Amino acid sequence: MRLCSLAALVAAALLCCGPAAAQFKNADAAIEYRQGALTVMDNHYDRIGAMVKGKVPFDAHVAQVNADLVVTLARLPWSAFVEGSDKGDTNAKPEVWSQPDKFKAAAQRLQDATVKLAEAAKTGNPDALKTAFGATSDACRSCHDDFRKKH
Ligand code: HEC
């Protein structure tokens, strides 16, 4: 009996708090959340970019730490593109909501690319890192072309 209710509790917790059911106070809060997540991801991504572009010396440990962060951060923004958050202080195009499958695929493409980026970072090989960084940047750019307003 006790075990049963515990299982029910765990199931309820998973249902209410899983990433797919992220909860936001309102549309503005969702916009703020996703822009914040994208900004933080961008920051850690740029630290790898600086190495790949030779602006700072290559450091395998720094690359790995930041790539691991990018993997985690790249999972966050997408559930915050909730219904109704197409209006407000956002640069998201209406296509995010009118072509949800395409948007989801673009988000998945990025997440797959970041996993490969982290794998490349683990090898400690700067060339592998550069290749994976290029593929990840393509995933950023491609989604921005389709789903982010130019400004
Ligand atoms: C699946 C689509 C998609 C992918 C992939 C994507 N972005 Fe974006 N990005 C967006 C959209 C849409 C916005 C606009 C969000 C808004 O204003 O509500 C955005 C906004 C941003 C912003 C501005 C945040 C702000 O404060 O307004 C940055 C920085 C950014 N992206 C960086 C990146 C980087 C770096 C990558 C790749 C590592 C990336 N994005 C990959 C869709 C994407």
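This is a walk through the fold, the core and three annotated positions of the structure above.

Before we set off, bear in mind that this is a predicted model, where local features need pLDDT of at least 70, side-chain atom pairs count only at pLDDT 80 or more, and totals for chains, interfaces and linings use all residues. Residues are numbered from 1 along each chain as its sequence is written, and side-chain values use heavy atoms, with hydrogens and water left out.

Let's start with the overall fold. The protein chain has six helices and zero strands, so reading along the sequence gives you α-α-α-α-α-α. Here, helices (H or I, at least four residues) and strands (E, at least two) are DSSP runs, numbered from the N terminus.

How much of the chain is tucked away? Of its 151 residues, 31% count as buried. Buried means under 20% relative accessible area, exposed means over 50%, and partly exposed is in between (1.4 Å probe, protein chains only). As for the outside, the accessible surface comes to about 9500 Å², and 59% of that belongs to carbon and sulfur atoms. Those areas come from the Shrake-Rupley method with a 1.4 Å probe; for residues, only the protein chains shown count as cover.

Now look inside. A nonpolar core is a set of buried Ala, Val, Leu, Ile, Met, Phe, Trp, Tyr and Cys residues joined through side-chain atoms within 4.5 Å. The largest one here has 29 residues, and those with the most contacts inside it are Ile48, Phe81, Val96, Phe103, Leu117 and Leu129. Two or more residues of this core come from each of α2 (27-52), α3 (60-73), α4 (95-98), α5 (100-123) and α6. Helix α5 gives the largest share, eight residues.

Phe103 is a good one to zoom in on. Leaving aside neighbours within four places in sequence, Phe103 is in contact (heavy atoms within 4.5 Å) with Trp78, Phe81, Val96, Cys143 and Phe147.

That brings us to Cys143. An unreviewed UniProt entry lists Cys140, Cys143 and His144 under "binding site"; UniProt positions use the numbering used here, feature names are shortened, and annotations may be inferred rather than shown by experiment. Cys140 is found in helix α6 (residues 126-147), and Cys143 is found in α6 too.

Which of these two cysteines is buried, and which is partly exposed? Cys143 is buried, because its relative accessible area is 11%, while Cys140, at 22%, is partly exposed. Not counting residues up to four places away in sequence, Cys143 touches Phe103, Ala106 and Arg148, whereas Cys140 touches Tyr45 and Leu110.
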